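Reader: I would like to go through the aromatic rings here and see how each label is earned. Could you take me through them?

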Amino acid sequence: MSHTSTVDAVVVTDVEALKSAVRELNSAGVKCGILENATPRAFYATQKGMGEAPYVIKLDDAKYDIGVYKKADNSGYEFRTDFYGGSVQAVLGAAGGPPNNLGKLCQMYAVHAVTRKAAQQGMSVSRVPNSNGGIKLVINDNRA
């Protein structure tokens, strides 16, 4: 029996934004890091779907890690992890349960991806935190 779950609600297309997101989560108190060409920890050492990954988000305060794997159609990367026991959700989950099991990671990746893309196009981004934990991004066109 496999515990492997694929989370593809957010497709990673900017690895540098993912690395920046992990660094920010770490600086905000989530003990994590990113490894290259590693095997994420899962319930079973040889768990189906959790072999060596191009990137692994190592979660120090969870029993398991998150593998970042190339999507079959080469459109980017998807997350795979083992949610068994709830330790991954306890570290990276946002309010609202299963759809948000990696909510903090997905949100921070989106913030960094949008910020990087805007900067490449000559725009600036400011963050406005919401009381519910969300982040509103305000994009300013500096090209005019």
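Author: Gladly! Let's start with a definition: a residue is partly exposed when its relative accessible area falls between the buried range, under 20%, and the exposed range, over 50%. Keep in mind that this is a predicted model.

Reader: Why is Tyr-44 called partly exposed?

Author: Its relative accessible area is 38%. Buried would need under 20% and exposed over 50%, so Tyr-44 counts as partly exposed.

Reader: What makes Phe-43 and Tyr-84 an edge-to-face pair?

Author: The ring centres of Phe-43 and Tyr-84 are 5.2 Å apart, and pairing asks for centres within 6.5 Å. Their planes stand at 75°, and over 60 counts as edge-to-face, so the label fits. This pair links distant parts of the chain, 41 residues apart: Phe-43 is in the loop between strand S2 and strand S3, and Tyr-84 in the loop between strand S5 and helix H2.

Reader: And why is Tyr-84 called partly exposed?

Author: With a relative accessible area of 46%, Tyr-84 is neither under 20% nor over 50%, so it is partly exposed.

Reader: Which residues form one aromatic cluster?

Author: Phe-43, Tyr-44 and Tyr-84 do.

Reader: How do you know that the charged end of Lys-70 sits over the ring of Tyr-77?

Author: The charged end of Lys-70 is 4.8 Å from the ring centre of Tyr-77. The rule asks for a distance within 6 Å and a position within 35 degrees of the ring normal. Similarly, Arg-80 lies over the face of Tyr-69, at 4.1 Å from the ring centre.

How values were computed. Residues numbered from 1 in each chain as written. Predicted model: local features only at pLDDT ≥ 70, side-chain atom pairs only at ≥ 80, totals over all residues. Heavy atoms only, no water. Buried < 20%, exposed > 50% of the residue type's maximum accessible area, 1.4 Å probe, protein only. Phe/Tyr/Trp six-rings, centres within 6.5 Å; stacked < 30°, edge-to-face > 60°. Helix = DSSP H or I, 4+ residues; strand = E, 2+ residues; numbered from the N terminus.
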